[in-house]
Amino acid sequence: MSKKLTRIDIAIFNFCNKKLKCRLLDWIMPIFTHLAGFASVVGICLYFMLFIPSVPGTNILGAVFFAQFSAQSIKFICKRVHPHIKLPDVNIFSKLMQYDPSFPSAHTATITALAGVVTLLHPWAFPLLLPVCALVGLSRIYLGQHYPSDVLFGAIIGCISAELSCLIF
């Protein structure tokens with residue numbers, strides 16, 4: 001990444017991670033991060049499969065699988081270090097993923113893939129799901145786990161995964 005883009009990435013990260021810091025967001029942001037975690041996403045997929053037949057479970061599971069596979073593969077090719085390791089004075093929620101590469105955000109890819117499938121099948125849901133995806137992405141930056149570019153590329157992977165899943169399944 002060019003030096004100018006890196007500076008912009010770090011500036012946006014510092015704003016989200018340090019300037020926005022407050023008690024309310026300290027409480028809300030972990031909820032949105034956990035919403036896009038593996039167990040939650042599997043639970044959401046099962047809910048759709050069992051109770052919302054207009055959104056085929058194979059589409060959602062396909063999109064989530066492709067998003068996770070793509071994000072994890074790219075992580076181990078790029079090997080970008082998490083901002084809470086590289087940058088000074090980062091506000092962090094947890095260092096659990098300290099050794100997992102940062103780029104791209106798999107949480108963002110997963111929730112965007114899931115929301116993308118629902119939106120492709122039910123366009124009216126877009127205004128409801130877009131803020132959820134944005135808050136998951138923001139939570140990853142706020143909690144010190146990802147740079148904004150990690151989140152942006154995670155969202156792109158999620159969108160592509162949703163589109164491919166709906167085309168294939």
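Q: In this predicted model, which residue forms a salt bridge with R80, the closest N and O atoms being 2.7 Å apart?
A: Side chains of opposite charge can pair when their charged atoms come close. R80 does this in the predicted model, with its closest N and O atoms 2.7 Å from those of its partner. The partner is D150.

Q: How many residues apart in sequence are the parts that R80 and D150 tie together?
A: R80 sits in the loop between α4 and α5. D150 belongs to helix α8. The pair therefore ties together parts whose separation in sequence is 70 residues.

Q: Is D150 buried or exposed?
A: The cut-off for buried is under 20% relative accessible area. D150 has a relative accessibility of 0%. So D150 counts as buried.

Q: What is the distance between the closest N and O atoms of D9 and R80?
A: R80 also forms a salt bridge with D9. D9 lies in helix α1, residues 3-19, and R80 in the loop between α4 and α5, so this pair ties together parts 71 residues apart in sequence. The closest N and O atoms of D9 and R80 are apart by 2.9 Å.

Q: Which residues are linked in a network of salt bridges?
A: One salt bridge joins D9 and R80. Another joins R80 and D150. D9 counts as buried at 5% relative accessibility, and R80 counts as buried at 19%. The linked residues are D9, R80 and D150.

Q: Which side chain meets K21 in a salt bridge?
A: The structure holds three salt bridges. In one of them, K21 has an N to O distance of 2.7 Å to its partner. K21 counts as partly exposed at 38% relative accessibility, and the partner counts as partly exposed at 32%. That partner is D26.

Q: What arc do the buried residues of α2 fall within?
A: Helix α2 covers residues 23-35. L25, M29, P30, F32 and T33 are buried there. Seen down the axis, these buried residues line one face of the helix, because they fall within an arc of 165°.

Q: Which helices do the buried residues of α2 pack against?
A: Helix α2 has two sides to compare. The face turned away from its buried side carries the exposed residues R23, L24 and W27. The buried residues, L25 and F32 among them, pack against α6 (106-121) and α7 (126-142).

Q: How far apart are the end C-alpha atoms of helix α3?
A: Helix α3 runs over residues 38-51 and has 14 residues. At 1.5 Å a residue, the helix should span 20 Å. The value in the model agrees: the end C-alpha atoms are apart by 20 Å.

Q: Which residues of α3 are buried?
A: The face turned away from the buried side carries the exposed residues A39, L50 and F51. The buried residues fall within an arc of 60° seen down the axis, so they line one face of α3. What covers them includes α2, α4 and α6. The buried residues are V41, C45 and F48.

Q: Which element gives the most to the nonpolar patch?
A: The nonpolar surface patch has an area of about 1,100 Å² and includes F65, F66, I156 and I160. Two elements give two or more residues to the patch: α4 (57-78) and α8 (148-168). The element that gives the most, with seven residues, is α8.

Q: What is the relative accessible area of I160?
A: I160 lies in helix α8. I160 is one of the residues that make the nonpolar surface patch. I160 is partly exposed, and its relative accessible area is 45%.

Conventions
Residues are numbered from 1 along each chain as its sequence is written. This is a predicted model: local features need pLDDT of at least 70, side-chain atom pairs count only at pLDDT 80 or more; totals for chains, interfaces and linings use all residues. Side-chain values use heavy atoms; hydrogens and water are left out. Patches are made of residues with over 30% relative accessible area and no salt bridge: like charges are joined within 9 Å, nonpolar side chains (Val, Leu, Ile, Met, Phe, Trp, Tyr) within 5 Å. Accessible areas come from the Shrake-Rupley method with a 1.4 Å probe; for residues, only the protein chains shown count as cover. A salt bridge is a side-chain nitrogen of Lys or Arg within 4 Å of a carboxyl oxygen of Asp or Glu. Helices (H or I, at least four residues) and strands (E, at least two) are DSSP runs, numbered from the N terminus. Buried means under 20% relative accessible area, exposed over 50%, partly exposed in between (1.4 Å probe, protein chains only). The expected span of a helix is 1.5 Å times one less than its number of residues. The arc is that of the directions from the helix axis to the C-beta atoms. Contact means heavy atoms within 4.5 Å.
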